[in-house]
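Me: Can you walk me through this one? I'd like short answers.

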Amino acid sequence: MDEPVCPAPDEMNFGDALAELESIVAALESGQLELEESLTRYQRGVALLQALQGKLADAQQKVTALIGELEGEPADSEE
Amino acid sequence: MAEERAVSVSEAMTLARQTLEGIRLRVVGEVSEFADKPGYRAAYFTVSDGDASMQCLMWREQYVASGVALRCGTLVEMAGYFSAYAAKGRMQFVVRSLTLAGEGRLRLQVAELARRLEAEGLMRPERKRSLPAYPERIGVVTSPRGKAVHDVLRTLRRRYPLAEILLAGVPVEGADAPDAIVEGLSVVAAASPDVVLLVRGGGSYEDLMPFNNEQVARAVATCPVPVVTGIGHEPDTSIADMVADLRASTPTAAAESAAPSMDELGSALHKTRRSLGRALQHRVQAAEHRVGVLVRRPVFTDCSVLTGPAAQALDQVGIALRRALPERLATDSGRLGRSAADLQRLGPRLIGPARERVERLGRDADRAGSLLLERAEEAVSHAAARLHDLSPVAILGRGYAVCRTAEEATIIRASTQVSAGDRVSVMLGEGRLGCVVESTEKEARNG
C-alpha cells in the first residue's frame, strides 16, 4: 500500500537490522513523526531489538575448514 | 738491511696494533665460545670456521643495540677491525656491528622488495579499506596447528559468535608456505567472507620470511576482501603487514579488530531499547500536551462560549414573539366573539323576510306555472286540431289526390309539367296508382 514491504527482523542480517533500529530511534527522537507513525515505528523497533538480542543470545560459532583440518587445542591454552 | 733498533715489547705491540687496526673487514663465522657477564664492559666470544678461529669483543652498548643474542653455534656476520690487546699479547677482532649471518642478506632483500612495492603504491593509506562493523563471515588463513588458530577462534567466539568462520589451514613457514598461503587466501576470498585474517604466531626472522614473499604480498594487496594481518609479535613487521588493510600486532589482536564485542553490543542494545522507549514516551507526551492545551481552551470548558450568542438571539426572538402573540390572540378572539354574537342576533332578522318572500314567490311560481300549463295545453290541442285539418292526409281523405312524376320527385301541379306518355304516380287517401298520361289539357283555374 503506501510503504515498501519490510523484511522480517529474524531474516535480516545483524548489521542491517541494527542500522534500521538506529534510524528508527533517530526518527522517533526527532519528534517529526505523526503519532500513528511513531507508534508503528516503535513496534518495528521493538521487533528488531528482540531479534538482535535473540541473535546474540543464541549465537553459536560455526567453523568451516575450506582447506586442511583444524587440530585440537594445545594443552597450554590461554582460556 | 740496515740495522734495526730493538724495541720494547710494548712498542712492538703498539706497532702491531697500529698495523692491525688498518684492517677493516666483514667476517662470517660460527660462535664457538661466548662469555657475557653482567659486570663486563664487553661481550667476549670466539668465532671460527673449522680451520681458524679468532677472538672477538664487542662493547656492551653496541652488543645490546645489535639485538642479537649470541649463543654457541650461532652463525654471525660481523663488521669491525682487528686490534691487539697488549697486556695479553693477543690479537682480537673488535666488532662494531653484528647480525645473524644470512639474516643480514635477507633483511636487505626484504627492504628492497618493500621499497619496490611501495613505489608501486601498494602501501598507500588510501588503498586500505575499512572493515565491516558486523561481519557475517570471517575468513582465517593460518596454520591449523598451534596456538595462533585457537587464539583467534577463541577470541572470535567470545566476542562475536554470530560470525561464521571460514578456515584455510596452511603451512606458515618453510619453502611450501608462500604458495600455500596464496592459495589459502584465494580459496577463502572465493567464499565471500566480509573480512580475512592472515595470522601466525611468533618466530624467528627466518620463520616469518613467507610473509615477506612477493607473491604473498601481492595476494594480500589484491585480495577482494579486506585483510587484517597478525603476524608474530611486536615489533615484527612483514611486507604482508605493510600491504594489508589493517595490521594487528598479534593473531588475537587481529581477531579483536575484526569483530565487535558481544558484551558491548548487548549493552548498546540495552541503551537503544531505553532510547526507543523514551523517544516514544516523549512523542506521546508532546501529543498529550497539545491536546491538553486545546482541551483547556474556553471553547471546550464552557460550551456557552459557542452557544451564548445564539441562545441570546433565540431568547430575544422568543421574548418578542411571546409579547406579540398573546395580545393579538386576545384581541382577535374578542373580535371573533363579538362578531359571532352579532351574527347570531342579526341572523334571524335578515333571514325571516327573505324566507317569506321566497315562500311567496314559490307559491306564485306554482300558480303561474299551473296556469301556463293549462294555457299551453289548450294552445297545443287547438294547434293540433288545426294541424289535423290542414294535413294533406286529411285532404286526401276528402277525396283529393297528389300527382307526382314517376320518380316521385316533383309534385305535378300543372298539365304542362307532363306530356302524353309520361308515367306518373298518384297518391290517394288510401294507396297509390301508377298511371300513364293519355293527354294533357290546359285549363284555367277556377277561381
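Reply: Ask away; note that this is a predicted model.

Me: How many residues does each chain put into the contact between chain B and chain A?

Reply: Chain B gives 43 residues and chain A gives 44 residues.

Me: And what area is buried there?

Reply: About 3,800 Å² is buried between chain B and chain A. Carbon and sulfur atoms give 68% of that. On the chain B side, Leu269(B), Leu276(B) and Arg283(B) supply 18% of the area that chain B buries against chain A. That is more than any other three residues.

Me: How many salt bridges cross the interface?

Reply: The rule finds two across the interface of chain B and chain A. Glu164(B) forms a salt bridge with Lys62(A). Their closest N and O atoms are 3.7 Å apart.

Me: New topic. What span does helix α2 of chain A have?

Reply: Helix α2 of chain A covers residues 35-58, which is 24 residues. From first C-alpha to last it reaches 34 Å, close to the 34 Å expected.

Me: What do the buried residues of α2(A) pack against?

Reply: They pack against α1 (14-30) of chain A, together with α9 (262-295) of chain B. Leu48(A), Leu52(A) and Lys55(A) are among the buried residues of α2(A).

Me: Which residues make the nonpolar surface patch?

Reply: Leu294(B), Val299(B), Phe300(B), Val305(B) and Leu306(B) make a patch of about 490 Å². Helices α10 and α11 of chain B each supply at least two of the patch residues.

Me: Is Leu306(B) buried or exposed, and why?

Reply: Leu306(B) counts as exposed because its relative accessibility is 60%, and the cut-off is over 50%. Leu306(B) sits in helix α11 of chain B.

Notes. Residues are numbered from 1 along each chain as its sequence is written. Chains are lettered from A and ligands numbered from 1 in the order in which they are written. This is a predicted model: local features need pLDDT of at least 70, side-chain atom pairs count only at pLDDT 80 or more; totals for chains, interfaces and linings use all residues. Side-chain values use heavy atoms; hydrogens and water are left out. Patches are made of residues with over 30% relative accessible area and no salt bridge: like charges are joined within 9 Å, nonpolar side chains (Val, Leu, Ile, Met, Phe, Trp, Tyr) within 5 Å. Accessible areas come from the Shrake-Rupley method with a 1.4 Å probe; for residues, only the protein chains shown count as cover. A salt bridge is a side-chain nitrogen of Lys or Arg within 4 Å of a carboxyl oxygen of Asp or Glu. Helices (H or I, at least four residues) and strands (E, at least two) are DSSP runs, numbered from the N terminus. Buried means under 20% relative accessible area, exposed over 50%, partly exposed in between (1.4 Å probe, protein chains only). The expected span of a helix is 1.5 Å times one less than its number of residues. Contact means heavy atoms within 4.5 Å. Buried area is the accessible area (1.4 Å probe) that two parts lose on being put together, summed over both.
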